[in-house]
Structures are given as C-alpha cells and as structure tokens.
Amino acid sequence: MDLVIYNSLTRQKEAFVPRVPGKVSMYLCGPTVYNRFHIGNARTFVVGDSMRRILAYLGYEVLYVQNFTDVEDKIIKRAKALGITESGLAEQEIANYFADARRLGISPADVHPRVTEHIKDIVDYIELLIAGGYAYQAQGDVYFAVEKYEEYGKLSNQKLDELVVGSRVEPGDAKRFAADFALWKAAKPSEPSWESPWGPGRPGWHIECSAMVRSILGGHIDIHAGGMDLLFPHHENERAQGEALCEGEPYVKYWVHIAFLVINNAKMSKSAGNFYTAAELLEKYDGKVLRFFLQSAHYRSPLSFDMGLLDSAASGLGRLENAVLALRQAKEFIPKEQAVLTLDFAGYEDKFRAALADDFNTAEAWAVLFDLVKEVNIALARQAFGGRDAAEAEAFLLRLGHVLGVDLASATFLEQHIDELIAKRQSARANKDYQAADRHRAELLNMGIILEDTPQGVRWKKQ
RNA sequence: GGCGGCAUAGCCAAGCGGUAAGGCAGAGGUCUGCAAAACCUCUAUUCCCCAGUUCAAGUCUGGGUGCCGCCUCCA
C-alpha cells in the first residue's frame, strides 16, 4: 500500500519516498502567537496532526516539528495594547494553543521550537547566506537577493518579473531589488531586538523556518506542510533560503498545502473578522465533533463552514459512537443465529488504508467506517452478532478512529447509576406501572441518557 | 494584470476514463405500552453550459459562464 502525496512544487501526485527508508521528517508551519487560533487555523493543525498519525499508521517512524512564531509585528502591537511584554503575551498564547489543541485531539509535536530560542541559529544561517553571496547587508537590514536563486518563483509558479510588479516596497527599505525580502530587520525603538553582526535587530519572518529546520532536522526534510496562503510568499522565500544551503539535495521533498475553511463563500480569516475561535466553538461542541468535521473533506478542497454543518457533523459522529456503544453492550449477548455472518475486517481495513494512502483522503476513510457501521447495525438488529465478534468489531472501530485522532468510545462514568435506574424502570414496566417507568426514563434523560428497548434488552446512549 | 483552485442531489462531500461513495436533512414502513434507536424502502437517467476525443467522460481536450484564493499580515 504505497503512499501518494500531492506535491505543490510539481503540482501533481507523487509516490512518497522518504529520504531515509522507514523514517519521515515533517515540519508544519504553526501559529503566530498573538491571540487564540480560529477554527480555520484549526483545520491546518488538525490535518497536520492527522497526517502524522496516518504516516505512523502506515508504518513510518515520524519526527514531527511545529513552530511557534513568537516575534512578529502583531505580537508587538497587541502586547503594547495590553500593556504586557511580548514574551509574556507569547507565553500566554502558547499555553492557550496547547489547551485548545488538546481538546481537538492534537498531540504535541515532537519539537515545538520558538523563534526567540533560535536567534543564534538564525544569525548563523544569515551569515552563511551572505558568505554564499545570496544575501546582502544594507543599513542594518539584511536582504535575500532573489535574483541569485535561479529557481525563485518555481514553487508558486510565478515569473520573477511578474512578482516584481506586485511586490511591496516600504518607504525606507534599502532593498536593491523590489522582490528581495528581509532576513534581518534593524531594530526600531521600543521593539524587541537582539545583537547581531549587523547591529541590533530581529529576524524576518521567513528565515525562522529555514533556520529551525536546519538546526533541528538537519536542513533537509521530507514533508513541509502549511496553510494554502503560505505558498507565497512565505514558502517560496523559505525554499530559496533552504535551497541556497542545500548543495543539490532538495530542501523539502514534498510541499503540502492545506485549503481554507470557507464561511459564506469566503475565506475565514482574522483580518476579515469572519471567524469563530476554536475556544468559543469548544464551549458548545465536543472537540471530537470539530475534529471530525474538519476531516470531512479532503485537505486540498475548501471546506464550507457554518453552525448547521457542525450540528450535522455531531449527528454523523454520533452514529459512529452509538454503534461502538451498542457493540460494547452487545458483547455479553449470545447471538440467536449462529454467527454465520463474519465481518470482513481485513477488507474494510484495506479500503480504509487505501483511502488514507491516496494523499490522505480522510473523507473517504470515514465513509469506510460508516459502511462498516451499517453492516454492524444490521447484524445487531438481526440478533446475529454478539460475544467475541462484537468485541472485535468494537476494538476495530476504536483503533481506526484513533488513526484519525477521534476517540469513538463514550464516557463510562455514570454507568453504574444508569444501570440502577434502568433496573428500576424494568421492574416498573414488568408491573405495567408505566408512570413510574416513564419517570425513571425521564430521570435518565435529565442526565443526558436515552434508552432504547431492543430485542436484546435495554440499551442506552448519550443524548 | 500574473498565478492557481473550485462548480456533483435540499445541505456537506468522495469519485478524476468503465457506467453516480458516505454523512446530514426529508418521506413511508417494520419494531415498541408509548418512545427512542436500529433496520428496510424512497429522495442526482445524472455530475454549470457548449463543442470535441473515445467503444466508453463528472472523470480527458478546447471554448464559455459563475464563484473563490494568492500576488500585502494571514492556517
């Protein structure tokens, strides 16, 4: 089952061949920590986390790195507005990131580097670029000379002269060429700065990733992922920096770009103001509902967002969870029919794996799980399923759900109390005291528990 | 202006040369003390439009139309 990945650089799907057999190095562009991330940002983080899980599921040993940009204009601006230090703000928002991410089922990366911890690596990197003739110093700034890198524009499929037309030149910029970009910015009053061979200043945006990739992962990686909007200029610039020091071997083998969340037919973005933070959505929806929703489309397709779609996702996920719950409660049942019916777990897993190996097609992988659940439900309804088969099906579903970062098991904390109330209701029903029976049922409903009277006995599920 | 993407049922969304996945919503039925769930059946002769290639096209080619994104901070 060979993995195929769409590479933005070649604009086609390619067979995945890691640099080192069996091992994958992957870097995901993380957040600028100046406030909470929104559900659109969350798509990128969730997709990155799932790719990492899928790679592991496919048998690779994965080294996963996600950075925090903790020096940046917006951080400086907001810290000033709040009257706190830049590092204080960054610290707070990094903590918020982890809190929100955990609830979305996103595991911490193997390394979460921060720009401020890698200033020396960045300075060293820039010195190498200057020594190699790729960068020049001008009035305390250092710029990357785009014309020195002949492939500049290849990643975003732009011609250099077209880029010049659209490029921004700030007043006061000391660039030699309009499309050149800053590696190091001379310090401005009341902004954080570090000493460097070019005087006090701070790193430009693009250099951080190249420098951290070099110092942590060794300068060459298999997969570099990020949001679609980072393709240009960020990744184009980063690639130029990376390739400048790469001596023939590609800086990144596979460039992966994740499409946007779309709200009212427009990109969700902080600057447009049309966003919901993950944190506020988490007040109303379980993290796994959000995660399930964010994986309901292929990562390269824009995904529509609105509250109604979240409700739909909750219903859909509920179908999966309830099947798992039914299976758990069916484990003790002896099937009425001999269990002639055996589910083809291997067949389902082949389809599931094939979907994910085809450029991480999570939408199709979920469909495989829904197909299995349908078959399970039919078997359960026919009373042809129970015992060990049910246990096996439950474990299977939980295992595959975990590959996509969603725990399909429901909480068990109240089970004992639930069982007591069900027993009371059952005896009331046996005595045809339906008033009492309904009272117990209402009591359970208050706890968020819904009863189902099935041929195999009473079953319950979460509301 | 340059570059790129998308258009599939009421909604979301797979499929990307072999005769329309899956989810949500909806309708009818079975089951039930009543429910709920589950199950069964139904809901796109058709994939924005027009040409073309092919034995065969949402799927490839050309031309339209509409929408979106990047080119400025942005996941």
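A polar contact is a pair of N or O atoms within 3.5 Å. The model used in these exercises is predicted.

**Exercise 1.** Find which part of RNA strand B the side chain of Asn 377 contacts.

*Solution.* Take an N or O atom in the side chain of Asn 377; a phosphate oxygen of RNA strand B is 3.1 Å away. The cut-off is 3.5 Å. The pair is therefore a polar contact.

**Exercise 2.** Describe the surroundings of RNA strand B.

*Solution.* Start with the count: 59 residues surround the strand. Lys 74, Trp 205, Gly 227, Asn 265 and Met 268 are the closest. On the RNA side, sugar and phosphate make up 71% of the strand's atoms that come within 4 Å of the protein. Next, sort the residues by type: 19 are nonpolar, 23 polar and 17 charged. Then look for the main contributor. Helix α12 (residues 362–381) gives the largest share, eight residues. Finish with two atom pairs. A backbone N or O atom of Met 268 is 2.5 Å from a base nitrogen. A polar side-chain atom of Glu 364 is 2.7 Å from a sugar or linking oxygen.

**Exercise 3.** Classify the ring pair of Phe 68 and Phe 98.

*Solution.* The ring centres are 5.5 Å apart, and the planes meet at 80°. Planes over 60 degrees apart count as edge-to-face, so this pair is edge-to-face. Now place the partners. Phe 68 is in the loop between β4 (61–66) and α2 (73–82), while Phe 98 is in helix α3 (residues 86–103). Phe 68 is buried, at 0% relative accessible area. Phe 98 is partly exposed, at 27%. Both belong to a cluster with Phe 37, Phe 45 and Tyr 97.

Note on methods
Residues are numbered from 1 along each chain as its sequence is written. Chains are lettered from A and ligands numbered from 1 in the order in which they are written. This is a predicted model: local features need pLDDT of at least 70, side-chain atom pairs count only at pLDDT 80 or more; totals for chains, interfaces and linings use all residues. Side-chain values use heavy atoms; hydrogens and water are left out. A residue is near a molecule or strand if one of its heavy atoms lies within 4 Å of it. A polar contact is a pair of N or O atoms within 3.5 Å; within protein, one must be able to donate a hydrogen and the other to accept it, and residues adjacent in sequence count only if both atoms are side-chain atoms. Helices (H or I, at least four residues) and strands (E, at least two) are DSSP runs, numbered from the N terminus. Ala, Val, Leu, Ile, Met, Phe, Trp, Tyr, Cys and Pro count as nonpolar, Asp, Glu, Lys and Arg as charged, and the others, Gly among them, as polar. Rings of Phe, Tyr and Trp (its six-membered ring) pair if their centres lie within 6.5 Å; planes under 30 degrees apart count as stacked, over 60 as edge-to-face and the rest as tilted. Buried means under 20% relative accessible area, exposed over 50%, partly exposed in between (1.4 Å probe, protein chains only).
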